[in-house]
Amino acid sequence: MTGAGKGHLAMLTFSALVAGSFSLGGMVANEVAPAALNAVRFLIAGGVIGIAAMATGGIPASTWRAPWRYLVLGGLFAIYFVLMFEGLKTAHPVSTAAVFTLTPLMSAGFGWVLLRQITTKWMFLALGMGAIGALWVIFRADWAAFRRFEVGQGEIYYFWGCVAHAAYTPMVRKLNRGERPFVFTFGMLLAGLLILTLWGWQDLRATDWANLRPLVWGTIVYLAVFASAATFVLLQFAALELPSSKVMAYTYLVPTWVICWEIGLGHGAPTGLVLVGIALTAVALVMLLRDEG
């Protein structure tokens, strides 16, 4: 398999794992402060990635040159995750997943600014179609709300988190200096943990960790191991093999995966009209993957 093929496979897996964080996160978002939850998440994920890095060649001293790079990347992801859980306090998981699908269009913009990656006309059309589909889901297939641009507070919070996520993808390629994905991810997680600990120190101290429901701890472990440690490495790898807009194109699969999660968890499926928007995002993904620009 070529490097590009591996990048596509990495992002397919990424989209399935990320989807679970919306459904599970929505079930516990109101039980732990976002900064505190994500600090513990980064701590566990950092331990997993650190062990993996040591087992696959170690962490060379050169990793720590220009440590500000990790602060930039860790800060972007800290912002993203905190705002995600702020959004999930009030927004439906499928709706927030739809907001997530706006990141390819934003990522293409950041890719041009940071790396001068060119978006072809075909790719721009696909990104626009995906954005329309996402907005249709965000407004819950309500044309009147769509025209008035009535967006929930949760969706607004999460949108700004997605801006940070969109900047992260091209920033990985710009700031990586040859570090392996495990090593580079470990540096980012350490920096993110530092930022989240300082940011959420009061929340960390105030949380009654011993008496949290098993569902909360199960969600934290899933978020740390599968939706953080695994997806960070997958995203880092894919970002080094594919253009930023194609990497983020796989976010168009996330709402579909979230619907599967919601059905599996017994939360039901969205209405037929909402599924029209989901279908548009799927078409956008196919268009992006066929684009050779």
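This is a short dialogue on reading a predicted model.

Trainee: Where should I begin, and what is the mean pLDDT of the protein?

Mentor: Begin with confidence, as this is a predicted model. The mean pLDDT is 83, and 89% of the residues reach 70 or more.

Trainee: Which helices have the lowest and the highest mean pLDDT?

Mentor: A general idea helps here: where pLDDT is low, predicted coordinates should not be read in detail. In this protein, helix α7 (residues 143-148) has the lowest mean among the elements, 65, while helix α10 (residues 201-206) has the highest, 94.

Trainee: Now the interior. How many residues does the largest nonpolar core have?

Mentor: That core has 89 residues, and F22, F42, F77, Y80 and F100 have the most contacts inside it. Helix α11 (residues 214-241) supplies its largest share, 13 residues.

Trainee: Let me zoom in on one of them. What is F42 in contact with, beyond its neighbours within four places in sequence?

Mentor: F42 touches F77, F81, M188, L189, G192, L193, L196 and F232.

Trainee: And where does helix α11 bend?

Mentor: The bend, about 35°, is at T231. From first C-alpha to last, the 28 residues of α11 reach 39 Å, close to the 40 Å expected at 1.5 Å a residue.

Trainee: One more residue, please: is E155 buried or exposed?

Mentor: The cut-off for buried is under 20% relative accessible area. E155 has 4% relative accessibility, so E155 counts as buried. E155 belongs to helix α8 (residues 153-175), and its side chain makes a polar contact with the side chain of S95, at 2.7 Å.

How values were computed. Residues are numbered from 1 along each chain as its sequence is written. This is a predicted model: local features need pLDDT of at least 70, side-chain atom pairs count only at pLDDT 80 or more; totals for chains, interfaces and linings use all residues. Side-chain values use heavy atoms; hydrogens and water are left out. A nonpolar core is a set of buried Ala, Val, Leu, Ile, Met, Phe, Trp, Tyr and Cys residues joined through side-chain atoms within 4.5 Å. Buried means under 20% relative accessible area, exposed over 50%, partly exposed in between (1.4 Å probe, protein chains only). Helices (H or I, at least four residues) and strands (E, at least two) are DSSP runs, numbered from the N terminus. Contact means heavy atoms within 4.5 Å. The expected span of a helix is 1.5 Å times one less than its number of residues. The bend at a residue is the angle between axes fitted to the seven residues ending there and the seven starting there. A polar contact is a pair of N or O atoms within 3.5 Å; within protein, one must be able to donate a hydrogen and the other to accept it, and residues adjacent in sequence count only if both atoms are side-chain atoms. pLDDT is the predictor's confidence in each residue, from 0 to 100.
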